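Please look through the sequence and the model shown here before reading on. The paragraphs that follow begin at a single residue and then widen to the sheet and the helices around it.

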Amino acid sequence: MARPCVVDASLLIALGKAGQLDLLRKTQAYEWRIAPIARGELKRAETRQPVEQMILEGIIKPVELDSDQSDALALFAQWSERVDPGEAETIAIASANGWLVGLEDLAARRQLDRVVGPGQWINCANILIEAVQSGSLSLAKADEIFRSLDVYTGYASRGIRSLAQLM
């Protein structure tokens with residue numbers, strides 16, 4: 001069964017810069033959601049247009065903070081003090097509903113691990129690994145995409161050159 005995941009702009013921008021937003025179509029493990037602030041942060045056509053198309057197709061579903069969900073609003077206020085507004089909204093909605101957070105921002109992921117606990121977020125590497133494990137991509141193709149991501153340099157600096165090292 002697919003797990004709902006609210007995606008932050010950081011993850012979408014990383015995939016968009018690499019021309020790899022179609023990976024969201026290839027992963028059956030997640031049901032994609034996007035909140036208004038993160039959606040508004042997508043300024044470049046390489047990211048915004050494919051995301052808007054996936055919203056029209058129902059691959060990504062818009063979600064919002066519900067004013068009747070006081071717990072979600074309280075979470076938004078708390079996270080707004082820790083991370084940027086788009087991340088705060090994404091994390092609040094995901095946390096209030098027991099969903100995953102999809103983001104690339106390392107500081108925000110560390111905050112999530114400290115405050116909520118590990119296992120609450122995914123990033124581009126997780127999406128690629130899932131695509132390999134489900135048979136949607138070969139490991140060679142996934143590694144090629146992995147190396148094309150802006151975030152790859154952070155992995156390479158730690159000696160991680162292949163997704164196989166993360167699997």
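**From one loop residue to the sheet**

Leaving aside its neighbours within four places in sequence, Asn123 is in contact with Leu11, Leu103, Glu104, Arg109 and Tyr155, where contact means heavy atoms within 4.5 Å. This is a predicted model, in which local features need pLDDT of at least 70 and side-chain atom pairs count only at pLDDT 80 or more, while totals for chains, interfaces and linings use all residues. Residues are numbered from 1 along each chain as its sequence is written, and side-chain values use heavy atoms, with hydrogens and water left out.

Asn123 lies in the loop between strand E5 and helix H8 (124–133); helices (H or I, at least four residues) and strands (E, at least two) are DSSP runs, numbered from the N terminus. With a relative accessible area of 3%, Asn123 is buried, a word that stands for under 20% relative accessible area, as against exposed for over 50% and partly exposed in between (1.4 Å probe, protein chains only). A polar atom of the Asn123 side chain lies 3.2 Å from the backbone nitrogen of Ala125.

The strand that precedes this loop belongs to an open sheet of five strands, arranged in the order E3-E2-E1-E4-E5 with parallel pairing. Strand E3 (60–62) and strand E5 (121–122) stand at the edges with a single partner strand each, so one side of each is left without a neighbour in the sheet. Two strands are said to pair if DSSP finds at least two bridges between them. E1 and E2 pair in the parallel sense over five bridges, and Pro4 stands opposite Glu31 in E2. On another side of the sheet order, strand E1 (residues 3–7) pairs with strand E4 (residues 100–102) over three bridges, again in the parallel sense, and the bridge partner of Val6 in E4 is Val101. E2 and E3 are likewise joined in the parallel sense, over three bridges, with Lys61 in E3 as the bridge partner of Arg33. Strand E2 is mostly covered, four of its five residues being buried.

Helix H1 (residues 9–17) lies across E1, strand E2 (30–34), E4 and E5, and runs at about 85° to E1; axes here are lines fitted to C-alpha atoms, for helices over the stretch in contact, and angles run from 0 to 180 degrees between N-to-C directions. The axes of H1 and helix H4 (residues 45–56) come within 8 Å and cross at roughly 110°. That crossing makes H1 roughly perpendicular to H4, a description that covers angles of 65 to 115 degrees, whereas those under 35 count as roughly parallel, those over 145 as roughly antiparallel and the rest as oblique. Leu12, Ile13, Gly16 and Lys17 of H1 make the contact with Glu46, Thr47 and Val51 of H4.

Helix H6 (residues 85–97) offers a check on geometry: at 1.5 Å a residue, its 13 residues should span 18 Å, which agrees with the 18 Å between its end C-alpha atoms, the expected span being 1.5 Å times one less than the number of residues. H6 is mostly covered, with 10 of its 13 residues buried, among them Gly86, Thr90 and Ile93. At the start of H6, a side-chain oxygen of Asp84 reaches to within 2.9 Å of the backbone nitrogen of Gly86, and H6 is followed by Gly98, whose phi is positive, near 75°.

In the loop between helix H5 (70–80) and H6 sits Glu81, which is exposed, with a relative accessible area of 73%.

Key:
A polar contact is a pair of N or O atoms within 3.5 Å; within protein, one must be able to donate a hydrogen and the other to accept it, and residues adjacent in sequence count only if both atoms are side-chain atoms.
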